[in-house]
Amino acid sequence: MAKIDGSLFSSDKQVSAEAIHEAYGDCPQCQQPLAIRYANKSAFLGCSTYPACDYRKSLTDNAITTIKVMHDTPCPQCDQTLAIKKGRYGLFVGCVDFPVCNYIGSIKEQTDTQVTCPECKQGHLLEKTNKYGKKFYSCNHYPACKFVLNDKPVAHVCPDCSSPVMIQKSVPTLICVKPKCSGTVEL
Ligand SMILES: [Zn+2]
Ligand SMILES: [Zn+2]
Ligand SMILES: [Zn+2]
Ligand SMILES: [Zn+2]
């Protein structure tokens, strides 16, 4: 994973339900969302429907691994730094001092590239990160438009076919977004 921009993270102090899902999944007893609960000043993982469901588990989950420590991103809850972690279902942000500090936040899954979708010509292409941490780009008019790219789209007119979008497969070369067009631009 390349350099990580701190603005990718939600900086709210609240525990994100989405991040809990990425880290721990849903309640195995009733399939409802899990939540971090507190008893006697200690935190644990419990069912969000408590007391209807009394599932509880330690926050320490062997399936969670640290992918990258973000040395310049302070934890909003303590003096430590944050790290990108991989949980059962995806990536989330957690404190390096876990389980002493149980801050958990979500990674914003998408940013708008401001590039107009070349397929429907109405939507914008959003940059998203899949559960393996790989970026991909898809139209914000999904599911009406199912356009997806694996490489970064750039608003640049193709010299061969005048398509308004090219893709950056390798720096500094742009290639036409249309598979049948061989237009390229050297930046
Ligand atoms: Zn439950
Ligand atoms: Zn912390
Ligand atoms: Zn589209
Ligand atoms: Zn072209």
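Two strands count as paired here when DSSP finds at least two bridges between them. With that in mind, welcome to a predicted model whose chain holds one helix and 15 strands. Four of the strands form an open sheet with antiparallel pairing, in the order β12-β13-β14-β15. The helix, α1 (17-24), gives two or more residues to the largest nonpolar core. The notes below take the chain as a whole, then the helix and the cores, and then the strands.

**The chain and its confidence**

- The chain has 187 residues, and 24% of them are buried.
- Take the contacts between residues at least 6 apart in sequence: 31% of these join residues that are at least 24 apart.
- The mean pLDDT of the chain is 85, and 88% of the residues reach at least 70.
- Among the elements, the highest mean pLDDT, 96, belongs to strand β14 (residues 173-176), while strand β8 (residues 110-116) has the lowest, 84.
- Please read residues 1-8 with care, as their pLDDT is below 50. In the model this stretch has ten contacts beyond near neighbours in sequence.

**The helix and its surroundings**

- The buried residues of α1 are Ala 19, Ile 20, Glu 22, Ala 23 and Tyr 24.
- These residues lie on the same side of α1, because they cover an arc of only 165° around the axis.
- As a general reminder, an α-helix has 3.6 residues a turn, so residues three or four places apart point the same way.
- The cover over the buried residues of α1 includes β1 (34-39), β2, β6 and β7 (104-105).
- Just after the helix, Gly 25 adopts a positive phi of about 80°.

**Two nonpolar cores**

- In soluble globular proteins, nonpolar side chains tend to be buried together.
- The largest nonpolar core has 19 residues; those touching the most other members are Ala 19, Ile 20, Ala 23, Leu 34, Phe 92, Val 93 and Ile 104.
- Two or more residues of this core come from each of α1, β2 (42-47), β5 (81-86) and β6 (91-95).
- Another core, of 13 residues, lies apart from it and includes Tyr 137, Leu 149, Met 166 and Cys 176.

**A loop residue beside the helix**

- Ile 64 sits in the loop that connects β3 (56-57) and β4 (65-74).
- Is Ile 64 buried or partly exposed? Ile 64 has 17 other C-beta atoms within 10 Å, and a residue needs 20 or more to be buried and 12 or fewer to be exposed, so Ile 64 is partly exposed.
- Leaving aside residues up to four places away in sequence, Ile 64 touches Ala 23, Lys 85, Lys 86 and Gly 87.
- Ile 64 and Tyr 24 are 40 residues apart in sequence, yet their C-alpha atoms are 8.4 Å apart.

**The four-stranded sheet**

- Which strands form the edges of this sheet? They are β12 (152-155) and β15 (184-186), each of which pairs on one side only.
- Ignoring direction, neighbouring strands in the sheet are turned by 35° against each other on average.
- Strands of a sheet pair through backbone hydrogen bonds, either parallel or antiparallel.
- β12 is joined to strand β13 (residues 165-170) by four bridges in the antiparallel sense, and Pro 153 faces Ile 167 of β13 across this pairing.
- β13 and β14 also run antiparallel, with four bridges, and they make a hairpin that has two residues between its strands.
- Within that hairpin, Gln 168 has Leu 174 of β14 as its bridge partner.
- β14 then pairs with β15 through three antiparallel bridges, where Thr 173 is opposite Glu 186.

**The two faces of β14**

- In a regular strand the side chains alternate between the two faces of the sheet.
- On the covered face of β14 are Leu 174 and Cys 176, whereas Thr 173 and Ile 175 are on the uncovered one.
- Cys 176, on the covered face, is also one of the members of the 13-residue core.

**Pairing of β9, β10 and β11**

- Strand β9 (residues 124-129) and strand β10 (residues 135-139) run antiparallel and are joined by five bridges.
- In this pair, Leu 125 is found opposite Cys 139 of β10.
- β10 pairs in turn with strand β11 (residues 148-149), again antiparallel, over two bridges.
- Tyr 137 has Leu 149 in β11 as its bridge partner, and both residues are among the members of the 13-residue core.

Notes: Residues are numbered from 1 along each chain as its sequence is written. Chains are lettered from A and ligands numbered from 1 in the order in which they are written. Two residues are in contact if their C-beta atoms, placed from the backbone, lie within 7 Å. Axes are lines fitted to C-alpha atoms, for helices over the stretch in contact, and angles run from 0 to 180 degrees between N-to-C directions. A nonpolar core is a set of buried Ala, Val, Leu, Ile, Met, Phe, Trp, Tyr and Cys residues joined through C-beta atoms within 7 Å. pLDDT is the predictor's confidence in each residue, from 0 to 100. The arc is that of the directions from the helix axis to the C-beta atoms.
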